Each structure stands twice: as C-alpha cells, then as structure tokens.
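Please open the model in a viewer and keep the sequence at hand. The tour below proceeds by selection, one stop at a time.

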Amino acid sequence: MKKRILLADRDESVRNMVGRVLESEDYNVLLAGSGWEAVNKALANSPDLVLFDADMPDSDGSQSFELIHRIQPLVRVIGMSARHSLAERARPVEMDAFMEKPLDLGVLLDTIRCLLDESDQERVKRPDRGTPSSPCEPHAVHGQSGVRD
C-alpha cells in the first residue's frame with residue numbers, strides 16, 4: 001500500500017513541484033494550501049507523514065501541526081520554512097525533522113524514507129526526536145538545487 005504524505009505549503013508552485021516529485025516516488029500525496037485545510041485533510045485521510053510550511057496564511061504551521069498531532073500522535077512530521085525566525089520558533093514543536101528552504105529534494109526524499117522506515121516503537125523510544133542528532137534529521141538543510149517559496 002502506498003504511503004500517504006500530506007504536503008501543506010502556502011505556495012502553490014512548491015506544492016505542485018514537490019507533490020510531483022513525491023508522486024514520482026510512488027507516494028500518495030495530499031495537498032493543502034493553508035493550515036486549516038491541512039488539519040481537515042489529516043482528519044479525513046490519516047497521513048503517514050506531514051510535510052508542512054511553518055508560515056501558513058491562516059495559522060502558523062506549528063499550530064496546525066499541534067492539532068494534527070493531538071489527533072494522530074504518531075504521524076511523522078517534517079517542518080520547513082524559508083525564514084530563519086520561523087524555523088527557530090517551530091523547532092520546539094514535537095517533530096521529526098526541520099528543513100530550511102530552498103529544499104534539497106534529495107535530502108528531503110532521504111529524510112522521508114528514513115522516517116517512514118522507522119517503526120513506531122523505535123520512534124517513541126528515540127530521545128532526540130526533532131533535534132539535529134536525530135537519525136533522520138537532514139545534515140544539510142540548505143539546498144543548492146532546491147525549491148524556494
């Protein structure tokens with residue numbers, strides 16, 4: 001069965017390009033252009049992983065994720081932002097990885113594979129979830145051939 005990824009980004013071009021890349025990797029991709037749309041799609045579809053922009057038009061990505069996390073606490077999460085100040089604010093939210101834009105698509109795909117391959121039992125035992133030493137945390141968060149918003 002295909003893994004479901006919810007991609008929430010305010011920029012339609014980012015959603016479309018990253019969405020096509022994820023679909024080419026055989027993921028079932030759900031797209032959301034706002035935080036509330038992401039919450040509603042997560043409720044209706046139970047994604048395996050959420051990839052969200054921390055700077056959403058109707059709520060910040062951290063607020064949206066907190067709602068999703070309450071409903072589906074074991075969902076894997078990758079936060080992303082082009083603004084360093086949002087990246088710092090989003091870090092305390094319980095997430096598995098954070099990437100700054102422009103995204104390096106190779107690093108993004110490797111991170112997604114790593115997170116989806118990790119069992120729920122391994123994940124909840126990991127003390128460093130969401131920190132730079134996390135086994136799935138991207139080592140290079142700035143991409144040269146990546147995607148900007």
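**A guided tour of the predicted model**

Begin by selecting Arg4 in strand E1 and Asn28 in strand E2: these two residues are bridge partners. The pairing of E1 with E2 is parallel and comprises five bridges. Now trace the chain from E1 through H1 to E2; this β-α-β crossover is right-handed. The coordinates shown are those of a predicted model.

**The whole chain**

Colour the chain by secondary structure. Six helices and five strands should appear, and their order from the N terminus is β-α-β-α-β-α-β-α-β-α-α. Of the 149 residues in the protein chain, 52% are buried. Among contacts with a separation of 6 or more, 69% join residues 24 or more positions apart.

**Helix H1**

Select residues 12–24. This is helix H1, whose 13 residues reach 18 Å from the first C-alpha to the last, close to the 18 Å expected at 1.5 Å a residue. Which residues of H1 are buried? They are Val14, Arg15, Val18, Gly19 and Leu22. These residues lie on the same side of H1 because they cover an arc of only 115° around the axis. Rotate to the other side of H1, where Glu12, Arg20 and Ser24 are exposed.

Next, display what the buried residues of H1 pack against: strands E1 (4–8), E2 (28–32) and E3 (49–53), together with helix H5 (105–117). Just after H1, select Asp26, which has a positive phi of about 75°.

**Leu22 and its contacts**

Return to Leu22 and show its surroundings. Leaving aside residues up to four places away in sequence, Leu22 touches Ile5, Tyr27, Val29, Leu109 and Ile112.

**The nonpolar cores**

In soluble globular proteins, nonpolar side chains tend to be buried together. To view the largest nonpolar core here, select Val18, Leu22, Leu49, Leu51, Ile78, Leu108 and Ile112; of its 21 residues, these touch the most other members. Two or more residues of this core come from each of E1, H1, E3, strand E4 (76–81), strand E5 (97–100) and H5. Which element gives the largest share? It is H5, with seven residues.

For the last stop, select Leu30, Ala42, Phe52 and Phe65. They are among the 17 residues of a second, separate core.

Terms used
Residues numbered from 1 in each chain as written. Predicted model: local features only at pLDDT ≥ 70, side-chain atom pairs only at ≥ 80, totals over all residues. Heavy atoms only, no water. Helix = DSSP H or I, 4+ residues; strand = E, 2+ residues; numbered from the N terminus. Expected span 1.5 Å × (residues − 1). Buried < 20%, exposed > 50% of the residue type's maximum accessible area, 1.4 Å probe, protein only. Arc of directions from axis to C-beta. Contact = heavy atoms within 4.5 Å. Pairing = 2+ DSSP bridges. Right-handed = clockwise from strand over helix to strand, strands pointing away. Core = buried A, V, L, I, M, F, W, Y, C linked by side-chain atoms within 4.5 Å.
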